Amino acid sequence: MASLALTSPPSVKIPSYLSSSSSSLFSRSSISFRTTESRSRICVSGYAKCNLPKALNGNARVPIINETTIPKFFDSSRLEKSVSRNNTKLKLFSGTANPALSQEIAWYMGLELGKVSIKRFADGEIYVQLKESVRGCDVFLVQPTCTPTNENLMELLIMVDACRRASAKKVTAVIPYFGYARADRKTQGRESIAAKLVANLITEAGADRVLACDLHSGQSMGYFDIPVDHVYCQPVILDYLASKSISSEDLVVVSPDVGGVARARAFAKKLSDAPLAIVDKRRHGHNVAEVMNLIGDVKGKVAVMVDDMIDTAGTIVKGAALLHEEGAREVYACCTHAVFSPPAIERLSSGLLQEVIVTNTLPVAEKNYFPQLTILSVANLLGETIWRVHDDSSVSSIFL
């Protein structure tokens, strides 16, 4: 029986970009270093990435969360109701899909990850055993259903079942990336709506609640027969962009397709109420996109393309090419989920994009780092949301 037991990341390795100057259009945040008896961190004001599992390749940048401060989007009025953080009945467990993110969430919350044994039999079957009691506890299971999607989904279902059979009081599935979310409607005859099927599986496994980040479409929440907390990761990206010295008069937010207009409009409103442009895209098949036209003015502007995910990067790169043809000075791509299916890396590093800004809802393999890549951590956002769910406090007030 092959074991996939989870271990803590090794000591911090300082990425080379922290000690070198950057010729980027935007200025960098100030950097400070702090060491504690229990763990060490590298801190950049406003962002977070704790104890990097490996040294970064190339020039990929990973902003860091300050361990002593809450990011700007948690300030003042957004913390309207105090949250009790002393309850020992809260348990946090991680699957094998993204243990680094789970560890960062635990650090932010001041908790230790729960002990769990996750193994694979020789024929691929998954075995899960909790190594500590969860009787009467409020349990949160962190497991994005990313590649290998079916493996990670099945692992999540078995973890939920293990918690339920161990008499957990409540089980919340924390799914930073919800696989099958794109199969949320029928566009042709005889298609399945896999998003609804997966929602049914999670519900039937015994989950009491789901916490997901930036679902592909809002209606996916309705596929669950249990409460769903939809976490928007835009504040993390907006906070990063706000640290840069871009003039609001030079900025335009671009939706890479008509379906993402609402997302881009909300993003533009919070980004100095920037003007909006829309790429008219005609799709002829899955992962195949053809850009046809641009609605809006981008000439001489810094264009920021906003989407929920980058898969093969066909949409983003063709959109960037069109924006350059229409006179855009620079093009930035912002998305929550870095799926990065081949040939995404080749396309994204081709030089059309000044910077590709993503979050760590999915683990980005070291081989997929490239110079234009910036990874922002959503650990603080998820950690704060978990505390609020546990304490029955408002979640939506975080995003107001």
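## Getting started

Helices and strands are DSSP runs, numbered from the N terminus, where a helix (H or I) has at least four residues and a strand (E) at least two. With that in hand, welcome to this protein, which is shown as a predicted model.

The secondary structure comes to eight helices and 17 strands. Of the 400 residues in the protein, 54% are buried. If you take the contacts between residues at least 6 apart in sequence, 67% of them join residues at least 24 apart.

## Helix 2 and its neighbours

Helix 2 covers residues 149-165, and its 17 residues should span 24 Å at 1.5 Å a residue. The C-alpha atoms at its ends are 24 Å apart, so the expected span and the model agree. Why might buried residues in a helix show up three or four places apart? An α-helix has 3.6 residues a turn, so residues at that spacing point the same way. In helix 2 the buried residues are Asn152, Leu153, Glu155, Leu156, Leu157, Met159, Val160, Ala162 and Cys163.

What do these buried residues pack against? Their partners are strand 4 (90-94), strand 5 (116-120), strand 6 (126-130), strand 7 (138-142), strand 8 (170-175) and helix 3 (194-205). Now look at what comes on either side of helix 2. Proline 148 sits in the loop between strand 7 and helix 2, and a cis peptide bond with omega of about -5 degrees joins threonine 147 to proline 148. Just after the helix, serine 167 has a positive phi of about 70 degrees.

## Helix 8, an enclosed helix

Helix 8 takes in residues 379-390. Its twelve residues should span 16 Å at 1.5 Å a residue, and its end C-alpha atoms are indeed 16 Å apart. Is helix 8 largely enclosed or largely open? Twelve of its twelve residues are buried, so the rest of the structure largely encloses this helix. The buried residues include charged side chains such as Glu384 and Arg388, along with Leu381, Leu382, Ile386 and Trp387. After helix 8 comes aspartate 392, with a positive phi near 60 degrees.

## Strand 9 and the loop after it

Alanine 212 belongs to strand 9 (residues 209-213). Its relative accessible area is 2%, and the cut-off for buried is under 20%, so alanine 212 counts as buried. Which residues does alanine 212 touch, leaving aside its neighbours within four places in sequence? They are Ile175, Asp229, His230 and Val231. Histidine 230 is 18 residues away along the chain, yet the C-alpha atoms of histidine 230 and alanine 212 are separated by 5.3 Å.

Aspartate 214 lies in the loop between strand 9 and strand 10 (228-231). Aspartate 214 is buried, with a relative accessible area of 12%. Its phi is positive, near 40 degrees, although aspartate 214 is not a glycine.

## Unusual backbone spots

Most residues other than glycine have a negative phi, and most peptide bonds are trans. That makes a few more places worth finding. Tyrosine 180, in the loop between strand 8 and helix 3, has a positive phi of about 70 degrees. Buried or partly exposed: which word fits tyrosine 180? With 34% relative accessibility, tyrosine 180 counts as partly exposed.

A cis peptide bond also joins proline 342 and proline 343, with omega of about 5 degrees. Proline 343 is in the loop between strand 15 (330-338) and helix 7 (344-348).

## Aspartate 311 and its contacts

Aspartate 311 is in the loop between strand 14 (302-310) and helix 6 (314-325). A relative accessible area of 12% makes aspartate 311 a buried residue. Which side chains does it meet through polar contacts? The side chain of arginine 182 makes one, at 2.8 Å, and the side chain of serine 341 makes another, at 2.5 Å.

## Spaces inside

How many cavities of 30 Å³ or more are there? The count comes to two. The second largest holds about 40 Å³ of space. Tyr177, Phe178, Ala181, Cys213, Asp214, Leu215, His216, Met309 and His337 line this cavity. By class, its lining has six nonpolar, two polar and one charged residues. You have already met one of these lining residues: Asp214, which has the positive phi near 40 degrees.

Technical notes: Residues are numbered from 1 along each chain as its sequence is written. This is a predicted model: local features need pLDDT of at least 70, side-chain atom pairs count only at pLDDT 80 or more; totals for chains, interfaces and linings use all residues. Side-chain values use heavy atoms; hydrogens and water are left out. On a 1 Å grid over the protein atoms alone, a cavity is a set of points where a 1.4 Å probe fits but cannot get out, and a pocket is an open set with protein on both sides within 12 Å along at least five of seven lines; lining residues have an atom within 4 Å of a point. Grid points are joined across faces, edges and corners, and a volume is the space filled by probe spheres set on the points. Buried means under 20% relative accessible area, exposed over 50%, partly exposed in between (1.4 Å probe, protein chains only). A polar contact is a pair of N or O atoms within 3.5 Å; within protein, one must be able to donate a hydrogen and the other to accept it, and residues adjacent in sequence count only if both atoms are side-chain atoms. The expected span of a helix is 1.5 Å times one less than its number of residues. Contact means heavy atoms within 4.5 Å.
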